[in-house]
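Me: Please give me a close look at one helix in this model, taking its burial, its span and its N-terminal end in turn. After that, carry on to the strands and say how they pair.

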Amino acid sequence: MKKIKNIINITNNTAYDLCADYIPEYVKSDALFLDLETTGFTPAKSKLYLVGTAYFENDSLITEQFFAESKAPDEERKLLASLDELLSKFHTIITFHGNQFDLPFLRGCKKRLGTDFLHTAGNRVDLYQHFHAYKHIFSLENYKQRSFESFLGIKREDTYTGGELIKVYEDYIKNPDDNCLCLLLQHNYEDLLGMVQLVSLYAFDSFFDGHFVPVSTAVSVYRKMDGTKGLEFIISCRIDNQLPAAITCNNNHFYLHTDQNYAAFRIPLLQGELKYFFPNYKDYFYLPDEDRSIHKSVAAYVDKAHRQKSRASNCYSKKTGIFLPQYEEVITPAFYTEYKSKISYFELPEYFQGSSTDYTDDKLMLLKNYCMHILKILKTGIS
């Protein structure tokens, strides 16, 4: 078995500046990044030939790789023993797709080899599972680690996939060659470095959890897809923690663009007449001639020929104005185009225009709650 150790000083290293801000203390002191290279997906039939690990120590990132120089079971046992020795020092394992592959594969190896190796860390973090929740935000081609790296602008020297390297390992076993070994180690090494830098994506958690401040709002004219003009409401925000990559995403009602510490929400405004549906329709009468409902205390003075008991679907009053959309009744009163419409609207308040420094705390919170609502809808991918 070969052991390869590298030490990277991350102080003033731009590749790790952002991720350093989002690496929790327990990761810096108590977490091990893990990536495996195998000859297949099934541990009962496939071999583990390379274990890659990375961890922080003071101001350095240390990688340790354990390479099997043959397919002999004893080589795999040595890999597992070396990994177990490392794992005994940490309480957290960080992987990319490890809950579905790396960790089950290790358990399968243990079973096949009949070993007692493999210390089990108490806390397991799968970066793939965590950041896959942003699939509607990042709009990646796929959700492989390389796609996340490209999203962050990370460039690799390695051009191989794990599947392609199986043949390289087979060739190495038949004829040990330094070039083959370098290809195998480089792929795993860059996977480890990439995983560490993916930690910077936690900045999006911070943003989506509300660590931003609206700084200004404005109403602007924009051109619709059909060429006509419309009005849109723009909310500009300052993000507390710099994002590692810009995003642009939208659905049928909301548009979001971010760049480092800046975010802009753009929402097309609806101009016209909407309906407010009264909650207890049994207390109202509907006036067909006027297409509205009034409370029964007032309806008593209306000729019976011009009134009828309200139903939930026609128990409303009307309002003409300029409105903003919402998928939940975040801001009330809520108005609708029709009964049980999925989208409701609230009237654009006058104070929702200008510098947010002019807002009272409660109004600023209302504006921020609306922004949080937009983020929630965009993240879930609702159209």
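**The helix, then the strands**

Reply: Helix α9 is mostly covered in this predicted model, since 16 of its 21 residues are buried (under 20% relative accessible area, with exposed meaning over 50% and partly exposed in between, for a 1.4 Å probe and protein chains only). The helix occupies residues 178–198 and reaches 30 Å from its first C-alpha to its last, which is close to the 30 Å expected at 1.5 Å a residue (counted over one less than the number of residues). Its N-terminal end is capped by Asp 177, a side-chain oxygen of which lies 2.8 Å from the backbone nitrogen of Asn 179, inside the 3.5 Å limit for a polar contact between N or O atoms, one donating a hydrogen and the other accepting it. Helices here are DSSP runs of H or I with at least four residues, and strands are runs of E with at least two, numbered from the N terminus.

Turning to the strands, β10 (residues 255–259) has side chains that alternate: Leu 256 and Thr 258 point to one face and are buried, whereas Tyr 255, His 257 and Asp 259 point to the other face and are not buried. Strand β10 takes part in two hairpins, where pairing requires at least two DSSP bridges. With β9 (residues 247–250), β10 runs antiparallel and is joined by four bridges, Asn 250 having Tyr 255 as its bridge partner, and four residues lie between these two strands. With β11 (residues 262–268), β10 pairs in the antiparallel sense over five bridges, Tyr 262 of β11 being the bridge partner of Asp 259. Two residues separate β10 from β11 in their hairpin, and Gln 260 in the turn has a positive phi of about 55 degrees.

A further group of three strands forms an open sheet with antiparallel pairing, in the order β14-β13-β15. The edge strands are β14 (292–295) and β15 (308–309), each of which pairs on one side only. Strand β13 (residues 284–287) runs antiparallel to β15 and is joined to it by two bridges, with Tyr 286 having Gln 308 as its bridge partner in β15.

Residues are numbered from 1 along each chain as its sequence is written, and side-chain values use heavy atoms, leaving out hydrogens and water. Local features need pLDDT of at least 70 and side-chain atom pairs 80 or more, while totals for chains, interfaces and linings use all residues.
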